[in-house]
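I opened my notebook to look up a few side chains and their partners. The entries follow in the order in which I made them.

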Amino acid sequence: MLRMRDRVFRLGTGAVMALALVGPANSEEFGSSEPRKAMKPQKASAPVPLLDWTGFYVGAHTGFGRGSTGAALSDPVIGTTSSVFSGVGGGVQAGYNVQLPSGLLLGVEADMTFPNYLTSNSVVSSLATARSDVTEQWDYVGTARGRIGYANGAWLAYATGGLARAGERFVNTPGAGSDEKDIHVRLGWAAGAGLEYAFAPHWSVRLEYLYSQFGRANILFPSGTQYASSLDFQSIRIGLNRKVDRPGTGNWTPNTALADPKSDRWEIHGQTTYLPQGYPAFRAPYTGPNSLTPAPQAQATWSNSLFLNARLWEGGAVYFNPELLQGFGLSDTVGLAGFASGEAQKSNFPYPHYNTSRLFLRQTFGFGSEQEELASGPTQLGEKVDVSRLTLQAGKFAVLDVFDGNAYAKDTRKDFINWSMWAPGAFDYSADKVGLSYGVTAELNQKRWALRSGYFLMQSASNSNSFDTNVFERGTYVLELETRYSLFSQPGKLRTIAWLDSAYSGSYRETLDNPALNLDISLTRTGRIKYGYVINLEQALTDDIGLFSRWSWNDGKTEIMAFTDIDASLSMGTSIKGTKWSRPDDTIGLGGAINSLSKDHRDFIAAGGLGILIGDGALNYRAERILETYYAYALTKQVTLTADYQLVTNPAYNADRGPVHIFSGRLHGEF
């Protein structure tokens with residue numbers, strides 16, 4: 001329970017700042033086109049700046065950090081090392097400025113910076129002897145600083161300095177016994193300088209350099225091993241700030257509150273989603289390495305996202321999606337093929353971790369004639385485009401950002417939560433442990449149909465964060481045909497997807513046929529082909545009721561590379577808006593899924609093999625069956641509270657275990 005409370009407490013880090021960002025966001029140009037009225041000459045007065053920097057602000061930042069350390073270990077054998085660590089990180093900040101009539105600016109600011117989701121980027125040092133193996137890892141760096149600068153119109157130059165704090169984990173793996181862990185906080189100082197530009201009345205962007213130096217850490221583990229280290233850290237980062245005017249101040253306008261008028265050049269969107277889950281104890285005569293724990297448990301995840309979208313030229317735009325991800329999936333995200341939460345990634349983060357989840361270019365070529373309006377959204381600039389068009393996209397994004405759309409079951413932050421409901425379970429598409437990849441896509445759109453194709457880099461190994469750079473020799477190839485029709489005057493869409501993976505992967509049957517391999521499928525890895533298909537249907541019955549269904553299949557001969565241990569999956573359900581009970585923004589969802597394995601795959605698991613998410617050590621095979629229902633209650637237009645229930649029968653295809661009753665909540669805000 002203490003561990004659980006600690007995790008829940010840490011999940012609250014940055015929550016207030018995340019919710020403070022929830023509000024519409026766009027821009028307007030400075031100045032006014034209205035003519036000035038003639039006025040009598042008056043005495044000269046102090047000039048009024050175009051922008052008043054005085055006030056409270058919140059924001060986010062990302063950048064490159066580099067640190068250095070010197071460490072010594074004694075157990076009693078002495079070992080020493082010095083090392084440098086670096087990587088991209090990100091975080092949040094908040095502060096208050098006072099601008100004097102002279103242009104002098106005084107301010108205070110507090111910030112928190114977190115490492116990215118790659119473990120290697122947060123490891124400060126590793127040091128080993130014959131008896132001990134110690135790893136030092138940083139979880140966050142925070143500062144509380146003063147700022148002094150000079151503001152000239154939309155520009156601000158400043159210097160900054162103050163206190164610093166670093167949170168770290170020290171883990172010792174002794175030669176005998178279990179791991180020893182020490183959570184440690186260092187105090188120190190920080191100093192730096194920056195340049196900030198206000199590109200709209202309430203929005204500014206900055207470039208900042210910051211150096212931090214911390215006191216020495218002296219760690220004594222229960223085994224008697226001693227570890228000491230120094231630490232300094234420096235970063236150069238880009239930040240985005242949103243000025244928040246208080247009611248009663250000269251800049252506050254009641255009709256906009258946190259909003260700015262629109263610009264056709266850029267848009268800013270954001271979201272925050274907190275998703276706790278839990279279940280009571282269930283029947284389980286045995287438990288394996290990748291089993292869902294039969295004892296009662298509860299876990300939670302928290303995600304905070306910004307979507308920064310800008311037009312570059314006619315038809316061209318860049319999309320940037322930085323995120324902070326935090327939390328744990330049930331049983332560290334194993335034990336179910338159709339896992340219970342799409343927000344629970346395959347990497348578990350006790351503190352927030354930064355990720356550049358999306359960064360891509362999109363170019364649209366219109367062919368003229370009829371046009372349609374594309375609604376503004378997190379990954380879509382609002383605009384009018386030709387219905388007949390070609391869209392090219394390249395960069396970092398998720399395969400399912402482009403393929404397998406569905407109006408009723410697509411977004412785990414808004415509708416169904418289970419992996420088998422919002423995605424085609426047997427589609428083993430390219431993705432790292434947080435669901436992203438690098439690729440290029442092309443879409444030819446017509447009024448009644450669309451044809452999409454894409455190529456994505458493949459992971460270098462199953463369930464990994466590294467990608468195979470043998471371009472085109474290794475990768476995921478996807479082709480989708482979407483047809484649009486009307487049934488009884490209601491719109492419908494049918495999507496058919498064919499896909500092929502060329503990957504460095506292992507074979508279930510070859511592993512089983514060679515007892516000397518001891519079920520280690522990695523020893524059979526070589527270049528192999530996996531293929532499959534998806535059929536995806538959405539059909540509106542009325543303006544408020546819709547149906548959806550997916551059928552997906554793969555050949556099931558080689559190990560799963562990225563998604564989950566499913567070789568065939570059928571899901572279907574309905575989505576109902578609350579118009580009939582005077583709650584038009586509420587939604588009820590009800591659906592079910594049946595997942596299954598190929599013969600080679602099930603034989604491998606039954607023999608004691610481990611998949612990405614499943615492996616009980618034994619298997620009494622039955623199809624995994626999932627029932628999910630939710631009610632999404634709209635607190636406001638931008639904030640939704642959801643209650644969700646899932647019943648999982650034969651979890652991980654094992655009739656000896658379960659059923660499992662999973663209860664979830666979800667608080668989602670967006671702008």
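**Entry: a pair of helices.** I note at the start that this is a predicted model. I began with Asp603, which counts as partly exposed because its relative accessibility is 23%. I then looked for its partner and found Arg509, with the closest N and O atoms of this salt bridge 3.0 Å apart. Arg509 sits in helix H5 (residues 508-513) and Asp603 in helix H6 (residues 599-606), so the salt bridge ties together parts that are 94 residues apart in sequence. Arg509 is also partly exposed, at 28% relative accessibility.

**Entry: how many salt bridges?** I wanted to know how many salt bridges a search of the whole structure finds. The search gives 37. I picked out some of them for a closer look.

**Entry: Glu383 and Arg311.** The side chains of these two residues meet in a salt bridge at 3.5 Å, N to O. Glu383 belongs to strand S15 (residues 383-386) and Arg311 to strand S11 (residues 297-313), so this pair ties together parts 72 residues apart in sequence. I looked up the accessibility of each residue. Glu383 is partly exposed, with a relative accessible area of 22%, and Arg311 is partly exposed at 26%.

**Entry: Arg358 and Asp401.** Here the side chains meet in a salt bridge of 2.6 Å, N to O. The pair links distant parts of the chain, with Arg358 in strand S13 (residues 349-366) and Asp401 in helix H3 (residues 399-402), 43 residues apart. Is Arg358 buried or exposed? I wrote down a relative accessible area of 15% for Arg358, so this residue is buried, since buried means under 20%. Asp401 has a relative accessible area of 37% and is partly exposed.

**Entry: a network.** Salt bridges also link a group of residues into a network. I listed its members as Glu109, Asp111, Arg145, Arg147, Glu196, Arg206, Glu208 and Arg237.

**Entry: Asn595.** I turned last to a residue in strand S24 (residues 583-596), namely Asn595. Its relative accessible area is 0%, so Asn595 is buried. Which side chain makes a polar contact with the side chain of Asn595? I found Ser569, at 2.7 Å. Leaving aside neighbours within four places in sequence, I noted further residues in contact with Asn595, among them Gly338, Ser420, Ile566, Ala623, Glu624 and Tyr653.

Terms used
Residues numbered from 1 in each chain as written. Predicted model: local features only at pLDDT ≥ 70, side-chain atom pairs only at ≥ 80, totals over all residues. Heavy atoms only, no water. Helix = DSSP H or I, 4+ residues; strand = E, 2+ residues; numbered from the N terminus. Buried < 20%, exposed > 50% of the residue type's maximum accessible area, 1.4 Å probe, protein only. Polar contact = N/O pair within 3.5 Å; in protein donor to acceptor, adjacent residues only side chain to side chain. Contact = heavy atoms within 4.5 Å. Salt bridge = Lys/Arg side-chain N within 4 Å of Asp/Glu carboxyl O.
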